[in-house]
Amino acid sequence: MNYYLGIDCGGTFIKAALFDSTGKLQGIARQNVSVISEQSGYAERDPQALWQITAQVVKTAIEQSQVDAQQIKAIGISAQGKGAFFLDKNHRPLGRAILSSDQRSLEIVKKWQAEQIPEKLYPLTRQTLWTGHPVSILRWLKEHERERYDRIGCILMSHDYLRFCLTGELFCEETNISESNLYNMETGQYDIQLAKLLGIEEVFDKLPPIIKPNEIAGYITAKAAEMTGLAEGTPVVGGLFDVVSTALCAGLEDEEKLNVVLGTWSVVSGITPHIDETQSIPFVYGRYVEKNRFIVHEASPTSSGNLEWFLNRFKHLDYQTLNTAIEALPPASSSVLFVPFLYGSNRKLGMQAGFYGLQAHHTEIHLLQAVYEGVLFSLMHHLKRMAKRFPDATVLRVTGGPTKSKIWMQMLADLTGMKLEIPLVEETGCFGAALVAMETIEGMDKKSLLNSAMETFMPNKANFNAYQEKYQRYLKFVQALETLV
């Protein structure tokens with residue numbers, strides 16, 4: 001039996017999972033990796049600590065599986081997108097990595113918007129501009145940390161950095177770098193005109209070659225083998241942007257289904273063979289794992305990270321207790337509203353989180369019910385926009401940690417009036433990465449290993465109006481808050 005390792009580098013956890021060639025999970029390990037936020041708007045990660053934690057979870061997963069490392073035929077990595085990891089000219093980490101949820105470049109992005117730079121970029125990149133894009137981070141470094149900016153020897157994203165740690169080889173993987181605002185979607189290459197438009201042309205030559213998800217990027221080095229327990233010389237493939245990995249595991253094969261990912265970010269994705277030039281909304285496109293197909297998505301960091309923040313403060317509550325308590329409350333009956341903008345907004349730059357509607361009789365469970373609702377109300381912003389690009393979509397395939405909460409999933413079905421399908425795939429980030437590695441080595445069709453079984457949630461029509469009425473109150477609350485920014 002051959003085995004394949006998938007590594008998933010997310011916003012909260014690093015995971016490693018080992019699958020056999022039938023797709024069966026053989027071993028898994030996960031460890032929290034901290035986001036460093038020492039100043040308002042900062043979200044950073046220690047790259048050396050990230051590599052050490054990754055090496056440890058890989059080693060633990062192999063030990064747990066009791067599989068001989070020589071039987072592991074390839075490794076793939078799935079990771080969060082945007083953000084930037086920097087190496088100096090000697091290929092050593094150059095300070096902390098800056099993550100996609102970082103907002104230090106807010107004023108730069110506002111200035112670009114005023115200058116209509118996004119409108120000039122979009123026809124070439126098919127991207128909007130966000131504070132966590134590599135280009136925004138690079139421009140901030142140029143203006144505020146010029147010495148560090150001048151010392152940049154290589155620009156990477158998170159899975160590119162981990163792949164470098166494993167192999168010593170430098171590449172940028174296509175599904176991730178295609179959403180950097182440095183990649184021309186038509187030519188499939190970096191574009192110096194984009195860098196000049198953004199005022200960062202000095203570092204354009206620091207971008208390593210582009211590699212496809214299913215290309216072999218390099219092989220496990222002796223040092224990496226010692227740290228991870230992997231066999232020296234094991235192939236490592238390009239890997240995947242984690243949004244692509246989840247869409248792959250969700251089995252999106254047509255424009256009648258959308259994938260909703262609820263994690264650190266709320267993401268709504270669809271798959272298409274073409275760029276629709278008729279749309280007035282600037283939808284984000286990225287390269288998909290399959291040739292001549294694009295992933296289209298809407299996203300914001302307004303998801304279950306908000307709940308994690310609260311539960312870290314209400315430490316006496318566990319998920320089971322919380323779900324049971326929320327289920328006991330009447331749906332959408334509380335006056336409490338929550339805007340889930342702890343880590344960023346999908347409405348207006350600079351907006352922040354907040355509660356409204358608190359009364360003396362409310363308990364912490366009412367507040368947490370409002371957090372559940374607020375995350376979904378914010379998600380509706382993306383679903384409504386994506387409905388314009390995918391008007392035939394009638395099914396939501398949902399992935400991410402919140403799918404373990406039946407009450408939360410029923411809320412989503414009731415709010416949208418749509419059928420939910422929850423793919424019964426463990427660790428979609430790891431599995432998607434392992435599937436691509438498996439396809440590269442064995443030449444097999446990825447889809448043949450996807451589990452077609454789904455957990456289904458049908459909307460309760462009796463609750464639809466109550467959620468829609470509260471959603472309209474949420475929209476009015478958000479509109480009022482916009483006047484404060």
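In the predicted model, strands β2 and β3 (residues 25-32) pair in the antiparallel sense over seven bridges. Within this pairing, phenylalanine 19 has leucine 25 of β3 as its bridge partner. The two strands belong to a hairpin with four residues between them, and glycine 23 in this hairpin adopts a positive phi near 90°. Strand β2 is also joined to strand β1 (residues 3-9), again in the antiparallel sense, by seven bridges. Here glycine 6 is matched with alanine 17 of β2. β1 and β2 likewise form a hairpin, with three residues between the strands. Of the eight residues of strand β2 (residues 13-20), seven are buried, so this strand is largely enclosed by the rest of the structure. In a regular strand, side chains alternate between the two faces of the sheet.

A further element of the fold is an open sheet of seven strands, arranged in the order β18-β19-β17-β16-β22-β23-β24 with mixed pairing. The edges are occupied by β18 (284-287) and β24 (454-457); each has a single partner strand, and therefore one side of each is left without a neighbour in the sheet. On average, neighbouring strands of this sheet are turned by 30° against each other, direction ignored. Within the sheet, strands β22 (residues 395-399) and β23 (residues 419-423) run parallel and are joined by three bridges. Valine 395 stands opposite lysine 419 of β23.

Aromatic contacts were examined next. The count comes to 15 aromatic pairs. Among them is a tilted pair formed by phenylalanine 19 and phenylalanine 431, with 4.9 Å from centre to centre and 50° between the planes. This pair links distant parts of the chain, as phenylalanine 19 lies in strand β2 and phenylalanine 431 in helix α15 (residues 428-442), 412 residues apart. Both phenylalanine 19 and phenylalanine 431 are buried. Tyrosine 372 and tryptophan 408 form a stacked pair, with 4.0 Å between the centres and 15° between the planes. This pair, too, links distant parts of the chain: tyrosine 372 belongs to helix α13 (residues 364-389) and tryptophan 408 to helix α14 (residues 406-416), 36 residues apart. Tyrosine 372 and tryptophan 408 are both buried. In addition, Trp309, Phe310, Phe338 and Phe355 form one aromatic cluster.

Aromatic rings also take part in contacts with a charged side chain. Arginine 104 lies over the face of tyrosine 42, at 3.7 Å from the ring centre. Arginine 104 lies over the face of tryptophan 140 as well, at 5.0 Å from the ring centre.

Notes: Residues numbered from 1 in each chain as written. Predicted model: local features only at pLDDT ≥ 70, side-chain atom pairs only at ≥ 80, totals over all residues. Heavy atoms only, no water. Pairing = 2+ DSSP bridges. Axes fitted to C-alpha atoms, helices over the stretch in contact; angles between N-to-C directions. Buried < 20%, exposed > 50% of the residue type's maximum accessible area, 1.4 Å probe, protein only. Phe/Tyr/Trp six-rings, centres within 6.5 Å; stacked < 30°, edge-to-face > 60°. Lys NZ or Arg CZ within 6 Å of the ring centre and 35° of its normal.
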